[in-house]
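Welcome! Let's take a friendly walk through a protein structure, one question at a time.

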Amino acid sequence: MSILNEKKALIFGVANKRSIAWGIAKAMHREGATIALSYANQSLEKRVKPLSKEVEASFVEECDLTDDKAIENLFNKVQSNLGKIDILVHSVAFADRDDLNGPYHSTSRSGFQLAMDVSCFSFTSLVHHSLPHLNDDSSFLAMTYYGAEKAVPSYNVMGVAKAALEASVRYLAVDLGPKSHRVNAISAGPIRTLAAAGVSGFKSMHNKFAKTAPLKRNVTNDDVGNAAVYLCSNLASGVTGEIHYVDSGFNIVGISKTIKED
Ligand SMILES: NC(=O)c1ccc[n+]([C@@H]2O[C@H](COP(=O)([O-])OP(=O)(O)OC[C@H]3O[C@@H](n4cnc5c(N)ncnc54)[C@H](O)[C@@H]3O)[C@@H](O)[C@H]2O)c1
């Protein structure tokens with residue numbers, strides 16, 4: 001039996017094959033879910049449409065998540081094409097490159113607002129607008145990173161946005177719990193994607209990460225996809241408001257054995 005049989009999953013954030021959202025879409029499709037995809041803008045259409053065929057997604061629609069009207073229109077289309085959904089995945093983030101470099105205190109007001117809007121508020125707005133379009137016992141999933149809880153070089157405003165996103169997950173879990181809907185996030189280790197390329201020094205952090213993590217390797221978008229299947233399935237029926245690490249165990253390490261003494 002496939003774990004997500006008869007579930008419909010609406011997934012935001014596929015930009016290309018490296019996207020974490022793509023790992024999630026593949027894993028959910030493998031486990032029997034009907035997949036629907038939404039991408040940010042027209043320039044991504046030529047990449048996302050061919051990928052959608054691999055996961056048999058018939059619903060593939062553009063939606064800029066900074067625009068509430070666009071979100072409302074998207075859910076109207078979801079309703080008429082798919083009916084009610086069971087799973088919503090938010091795998092979306094954005095910050096100006098200039099704000100992912102240098103000291104955090106030099107973040108501009110507009111850069112702060114942009115990062116917060118795309119990377120945090122859009123999840124709350126999606127949850128809000130999706131409510132009339134959910135089956136019973138639905139599940140929401142957002143993507144976060146360790147930089148939400150510890151200061152990570154150059155992650156800067158994105159760390160602050162992820163901290164707010166993680167707090168949102170808890171508040172939304174309390175809001176939606178009485179309706180039996182669950183809200184969780186995965187805190188993924190570093191993965192080489194378009195979004196990650198914007199963080200100054202990412203490559204060196206990626207290399208150091210694998211040396212420090214207990215599993216001695218970096219995670220893949222398939223690792224994240226498999227955990228996403230569990231969190232959005234009935235197997236996780238008692239789990240909500242959680243930040244679940246898929247990071248080769250990096251977060252449990254205090255002092256790395258690989259650090260050489262002077
Ligand atoms: N790659 C990593 O190391 C890593 C680690 C932990 C968490 N994450 C998180 O995973 C999520 C997915 O990122 P990724 O690494 O797969 O990179 P990615 O670049 O493949 O995905 C980011 C997605 O956000 C979308 N997006 C940006 N602005 C948008 C908007 N206004 N409306 C709609 N969509 C918009 C992009 O089009 C893209 O599809 C993000 O939340 C990211 O912060 C990434």
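**Questions about the model**

Q: Is Asn 81 buried or exposed?
A: Buried means under 20% relative accessible area, exposed means over 50%, and partly exposed is in between (1.4 Å probe, protein chains only). Asn 81 has 54% relative accessibility, so this residue counts as exposed.

Q: What kind of model is this, and how are its residues numbered?
A: Residues are numbered from 1 along each chain as its sequence is written, and side-chain values use heavy atoms, with hydrogens and water left out. Local features need pLDDT of at least 70, side-chain atom pairs count only at pLDDT 80 or more, totals for chains, interfaces and linings use all residues, and the model itself is predicted.

Q: Which helix holds Asn 81?
A: Helices (H or I, at least four residues) and strands (E, at least two) are DSSP runs, numbered from the N terminus. By that naming, Asn 81 is found in helix H3.

Q: What distance separates the C-alpha atoms of Asn 81 and Phe 121?
A: Along the chain, Asn 81 and Phe 121 are 40 residues apart. In space, their C-alpha atoms are separated by 26 Å.

Q: How many salt bridges does a search of the whole structure find?
A: A salt bridge is a side-chain nitrogen of Lys or Arg within 4 Å of a carboxyl oxygen of Asp or Glu. Searching the whole structure with that rule gives a count of seven.

Q: Which residue meets Lys 26 in a salt bridge?
A: Lys 26, in helix H1, pairs with a residue 196 positions away in helix H8, so to speak a link between distant parts of the chain. Lys 26 is partly exposed, with a relative accessible area of 30%, and its partner is partly exposed at 36%. The N to O distance is 3.2 Å, and the partner is Asp 222.

Q: Which residue meets Glu 61 in a salt bridge?
A: Glu 61 lies in strand E3, and the pair links this strand to helix H3 (residues 68–82), 16 residues apart. Glu 61 is partly exposed, with a relative accessible area of 24%. The N to O distance is 3.1 Å, and the partner is Lys 77.

Q: How far apart are the closest N and O atoms of Lys 69 and Glu 72?
A: Both residues lie in helix H3, three residues apart, about one turn of the helix. An α-helix has 3.6 residues a turn, so residues three or four places apart point the same way. Lys 69 forms a salt bridge with Glu 72, and the closest N and O atoms are apart by 3.5 Å.

Q: Within what arc do the buried residues of H2 fall?
A: In helix H2 (residues 45–54), the buried residues are Val 48, Leu 51 and Ser 52. The arc is that of the directions from the helix axis to the C-beta atoms. Seen down the axis of H2, the buried residues line one face of the helix, because they fall within an arc of 110 degrees.

Q: Which exposed residues does the face of H2 turned away from its buried side carry?
A: The buried residues of H2 pack against helix H1 (20–30), strand E2 (34–39) and strand E3 (59–62), where contact means heavy atoms within 4.5 Å. The face turned away from that buried side carries the exposed residues Lys 46 and Lys 53.

Q: How many disulfides does the structure hold?
A: A disulfide is a covalent bond between the sulfur atoms of two cysteines. Here, a pair of cysteine sulfur atoms must be within 2.5 Å to be a disulfide. The number of disulfides in the structure is zero.

Q: How far from Cys 120 is the nearest cysteine sulfur?
A: Cys 120 is buried, with a relative accessible area of 8%. Cys 120 is in no disulfide, and the nearest cysteine sulfur, that of Cys 63, is at a distance of 17 Å.

Q: What phi does Ser 180 have?
A: Most residues other than glycine have a negative phi, and most peptide bonds are trans. Ser 180 lies in the loop between helix H5 (156–176) and strand E6 (182–188), and counts as partly exposed at 39% relative accessibility. Although Ser 180 is not a glycine, its phi is positive, about 70 degrees.

Q: Where is Lys 216, a residue other than glycine with a positive phi?
A: Phi of Lys 216 is near 55 degrees. The place of this residue is in the loop between helix H7 (202–212) and helix H8 (221–231).

Q: What accessible area do Ile 3, Tyr 230 and Leu 235 have together?
A: Patches are made of residues with over 30% relative accessible area and no salt bridge, joining like charges within 9 Å and nonpolar side chains (Val, Leu, Ile, Met, Phe, Trp, Tyr) within 5 Å. Ile 3 counts as partly exposed at 32% relative accessibility. Accessible areas come from the Shrake-Rupley method with a 1.4 Å probe, and for residues only the protein chains shown count as cover. Ile 3, Tyr 230 and Leu 235 form a nonpolar patch on the surface, with a joint accessible area of about 260 Å².
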